[in-house]
Every structure is written in C-alpha cells, then in structure tokens.
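Colleague: I have a few minutes before my next run. Can we walk through this model together?

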Amino acid sequence: MKSVILFASGNGSNAENICKYFEHHNDIEIVALFCNNPEAKVIDKMKPFGIPVYVFSKKEFLDEQNFLPLINSYKPTLIVLAGFLLLVPKYLIKSFPNKIINIHPALLPHYGGKGMYGHHVHDAVLKAEEKKHGITIHYVNENFDEGEIIFQKNFDVEKNDDHESIAKKIAELEMKNFPEVIEQLLNKQV
C-alpha cells in the first residue's frame, strides 16, 4: 500500500477531493493531514474519512528533531501540498527528494512565489490581460513555486471572465487533474 500525507492551510476542497478519489483505492491510502491553521475548514472535512489531522505551529514545523519523526511514522510514499501556504523547510525536502508535490493556480513560472495564492493570482492574471490561465502541479524545492513542473493544464481567458469565473475554471481543473496526477506519480514509483 502506498501512503500519502496531505498538507493544507485553508478550505480543503482539494484535500477533500483527493480523499474522495482514493477512499476505496486498492493500492493508495491517505494516511494523515497536517494543517498549520487551527481555524481551517479542512480539519472538519477530514472527519468523514477518518483521517488523522495534526494541527501544528510554524515553530513546530521548523523543529526537525520532533516534526520529522512524526512524518516518518507514516512512511509516506508521497507528500501532497493541497492549498498549503508555508514554505517547506529544507530538512523535509532533503528527507523526501522528489516526493513532495504542490498544486498552484497559475501556469508557472508565471504568477508564483510568496503571497501568490488564490485571488492574488487571479488579480494578477486579469490585470495583465493574459490570454491563457491554468494550473501547475510541481515538485517542491526550497523556494515557493520553483520546483520541476510535473503537469500543466490551461484554458483560454475570455473577455467576460472575472475573479469568480476564473476561480471556478481553476477549481474544475484542480478537481479533475490533481488526484489523477497523484495516482500516475504513485504508479510510477516502486
């Protein structure tokens, strides 16, 4: 059985979708969710799946001596950032090379980096009058949104698109593609 740990900071729509996708999977199991926001809606969204949730502070996250053994106790095949807003510490990246992935609501390398999430990305895309917009799934390195790209999917930005319509199109791409890409990555791994 391949084990996946999720990290999330907010609403948890991607995390919930991933859990639904793998709920009855024969070879892949979501084993835990780690969250840095005690007010995040994702915490309650894990209850129907019976997935343990760990809420932690930034200080705890940076404490390699205590945090790494907790992660290792789940023996993750893959760590998935699903709307997680903190920069992943170097010790975690070093411990899980090419085994931490993230989804970003833009076509990287454009509109990435610190502070570029959710509506901030859509604001920038609309302001720049981009013709294409989409999602990127990438490996995580020590910098925000700079890891090797695994998958991208785009759509045309229409003249009448606004924040709401763009957010809806991004969500549709995330819901369809993120679990499938996770499954494909895990099926490649031994």
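Modeller: Sure. One term to begin with: contact means heavy atoms within 4.5 Å. And keep in mind that this is a predicted model.

Colleague: Fine. Which elements do the buried residues of helix 4 pack against?

Modeller: Strand 1 (2-8), strand 2 (28-35), helix 3 (58-62), strand 4 (78-81) and helix 5 (90-95).

Colleague: And which residues of helix 4 are buried?

Modeller: F67, L68 and I71, in a helix that covers residues 64-72. They sit on the same side of helix 4, because they cover an arc of only 95 degrees around the axis.

Colleague: Why would residues three or four places apart point the same way?

Modeller: An α-helix has 3.6 residues a turn, so that spacing brings them round to the same direction.

Colleague: What does the face turned away from the buried side of helix 4 carry?

Modeller: Two exposed residues, Q65 and N66.

Colleague: Now helix 1. Which residues are buried there?

Modeller: N14, A15, N17, I18, C19 and F22 are buried in helix 1. The cover over them includes strand 1, strand 2, helix 2 (42-45), strand 4, strand 5 and helix 7.

Colleague: You listed C19. How many disulfides does the model have?

Modeller: Zero disulfides. C19 is in none, and the nearest cysteine sulfur, that of C35, is 13 Å away.

Colleague: Why no bond for C35?

Modeller: The closest cysteine sulfur to that of C35 is in C19, and 13 Å is too far for a bond. The cut-off for a disulfide is 2.5 Å between the sulfur atoms.

Colleague: Are those two cysteines buried or exposed?

Modeller: C19 is buried, at 2% relative accessible area. C35 is buried too, with 0% relative accessibility.

Colleague: Change of topic: pockets. How much space lies in the largest pocket?

Modeller: About 800 Å³. There are 37 residues lining the largest pocket, and G83, L85, P105, Y117 and G118 are the closest to its centre.

Colleague: Which helix gives the most to that lining?

Modeller: Helix 7, with four residues. Helix 1 (13-22), strand 5 (100-104), helix 6 (119-127) and helix 7 (163-188) each supply at least two.

Colleague: So helix 1 turns up again. What about the chemistry of the lining: how many residues are nonpolar, polar and charged?

Modeller: The lining of the largest pocket has 17 nonpolar residues, 17 polar ones and three charged ones.

Colleague: Great, that covers my list.

Definitions and conventions: Residues numbered from 1 in each chain as written. Predicted model: local features only at pLDDT ≥ 70, side-chain atom pairs only at ≥ 80, totals over all residues. Heavy atoms only, no water. 1 Å grid on protein atoms, 1.4 Å probe; cavity = no way out; pocket = protein on both sides within 12 Å on 5 of 7 lines; lining within 4 Å. Points joined across faces, edges and corners; volume = space filled by probe spheres on them. Nonpolar A, V, L, I, M, F, W, Y, C, P; charged D, E, K, R; others polar. Buried < 20%, exposed > 50% of the residue type's maximum accessible area, 1.4 Å probe, protein only. Arc of directions from axis to C-beta.
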